[in-house]
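Work through the exercises below with the model open. Try each task before reading its solution.

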2 protein chains.
Amino acid sequence: MTDTATTTTELYSPARFGVGARFSLQPMTTDFVPVILGALAAADASRLTFTTDDVSTHVAGAEADVLRYLTDVIATAARTGAHTVAHVLLSRGCPGEVSCELGDVAASAPAQLPPIPATGLKASAHWSLYPLIDGRATVAGDSASIDHMRPILDAIEGAKARGTFTRSEHFATRLDGDLADVIGTVGEAWVSVGRTVPHVVTHVTISLNSPSVTR
Amino acid sequence: MTDTATTTTELYSPARFGVGARFSLQPMTTDFVPVILGALAAADASRLTFTTDDVSTHVAGAEADVLRYLTDVIATAARTGAHTVAHVLLSRGCPGEVSCELGDVAASAPAQLPPIPATGLKASAHWSLYPLIDGRATVAGDSASIDHMRPILDAIEGAKARGTFTRSEHFATRLDGDLADVIGTVGEAWVSVGRTVPHVVTHVTISLNSPSVTR
């Protein structure tokens, strides 16, 4: 790994690794259209590219820019007071659409993420993390050597250290905290696993202003 | 108990394989509480078990019962006319919460699923399928022999054959059709991959009654 580390760093770019998000935003109000449009307009989209349709929106760009954008969009919608649910998929390592044509490039990701400023909004989330290995993506040439559970357990330890971990659930981990900390927990794990596993996907359902908080 | 295939079939049960769903339902109306409660009350939950909180609901049971329940809940909410979005995670092969303690049991899944009756409701969806291999789950003792992309490509072919495939997107496949066909496509792929890969997760975001259908 030491010889290829320099090469990997030089080759790393968010576009090359297909770094991005797919998200949908659901403010549970009859006036959902202006709430969504207002939220999208309030966030800094200047370094990102978008593909959108009626189901969800794809955002491509650097990790820190994508995470900050999602935080700002969801926060703006929630500040209307509406019960707001967002579903976010973060992906890296599969730049194609159906096929993952990363070749034999070793895993690579930014060394650190800048902190996301606190929003003052309390968020609850169910989060799942999938380090993926396929025939084409290998780490040090040996895909069989990777234990998928290790990075997931490390990510849960990261959530505990940050104070956002609430409990393990079936198929998911429950997180609670400031929206910025919840998205920061998910983003940090996504990038952290990306340093050793090329193809990583994580899904999180985030809820704010629920009338039935049952933490 | 004489050959492996017989043993596997005898050992298969949805509970043993941790078969279930985690879902959230978002009717985009200020009256979302009665819409959600009405939808949950209208579906047949008699053979299922539930764990719920303010973010999402976990449903455990046999594959066909889980898929039929989800279809009925989402259909009932959408029949109010509200723009309704559901996010569904289907999982099999990881019966624990954080760790997957399936042991060395070979992959197994029902030979077929009963068709879900058409709902008459047009649904659009973004769908992602994750055949997962971890250190503990093996197929024929050799986890390195599985190509993750093969079952995904087969699932997309299944969607094309059923007529629900619209296009490939970044990180997802776009499906359109009757809600029952959309959920049937996702469920069929989930069960189909489960016949060869023990641990399979699939996520789908389903939208109905959108004011901005952009198919």
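The exercises cover one residue, one sheet with its helices, and one strand.

This is a predicted model, in which local features need pLDDT of at least 70, side-chain atom pairs count only at pLDDT 80 or more, and totals for chains, interfaces and linings use all residues. Residues are numbered from 1 along each chain as its sequence is written, chains are lettered from A and ligands numbered from 1 in the order in which they are written, and side-chain values use heavy atoms, with hydrogens and water left out.

**Exercise 1. Place B:Thr173 in its strand and state whether B:Thr173 is buried or exposed.**

Step 1. Find the element. B:Thr173 sits in strand S7 of chain B, residues 172-178. Strands are DSSP runs of E with at least two residues, helices are runs of H or I with at least four, and both are numbered from the N terminus.

Step 2. Check the accessibility. B:Thr173 counts as buried because its relative accessibility is 7%. Buried means under 20% relative accessible area, exposed over 50%, and partly exposed in between (1.4 Å probe, protein chains only).

Step 3. List the contacts, meaning heavy atoms within 4.5 Å. Leaving out residues up to four places away in sequence, B:Thr173 touches B:Ala125, B:His126, B:Trp127, B:Ile156, B:Phe165 and B:Arg167.

**Exercise 2. Give the strand order of the open sheet in chain B and find its edges.**

Step 1. Read the order. The eight strands run S2-S3-S1-S4-S8-S5-S7-S6, with antiparallel pairing. Two strands pair if DSSP finds at least two bridges between them.

Step 2. Find the edges. S2 (49-52) and S6 (165-169) of chain B each have a single partner strand, so one side of each lacks a neighbour in the sheet.

Step 3. Inspect one pair. Six bridges join S5 (residues 122-132) of chain B to S7(B), and the two run antiparallel. B:His126 has B:Arg174 as its bridge partner in S7(B).

Step 4. Add a helix. H5 of chain B (residues 179-194) packs on the sheet and touches S1, S4, S5, S7 and S8 of chain B. Its direction makes about 130 degrees with that of S7(B). Axes are lines fitted to C-alpha atoms, for helices over the stretch in contact, and angles run from 0 to 180 degrees between N-to-C directions.

**Exercise 3. How many residues of strand S8 of chain A are buried, and which strands does S8(A) bridge to?**

Step 1. Count. Ten of the ten residues in S8(A) (residues 199-208) are buried.

Step 2. Take S4 of chain A (residues 84-92). Nine bridges join S4 to S8(A), antiparallel. A:Val85 stands opposite A:Ser207.

Step 3. Take S5 of chain A (residues 122-132). Ten bridges join S5 to S8(A), again antiparallel. A:Ala125 has A:Ile206 as its bridge partner.
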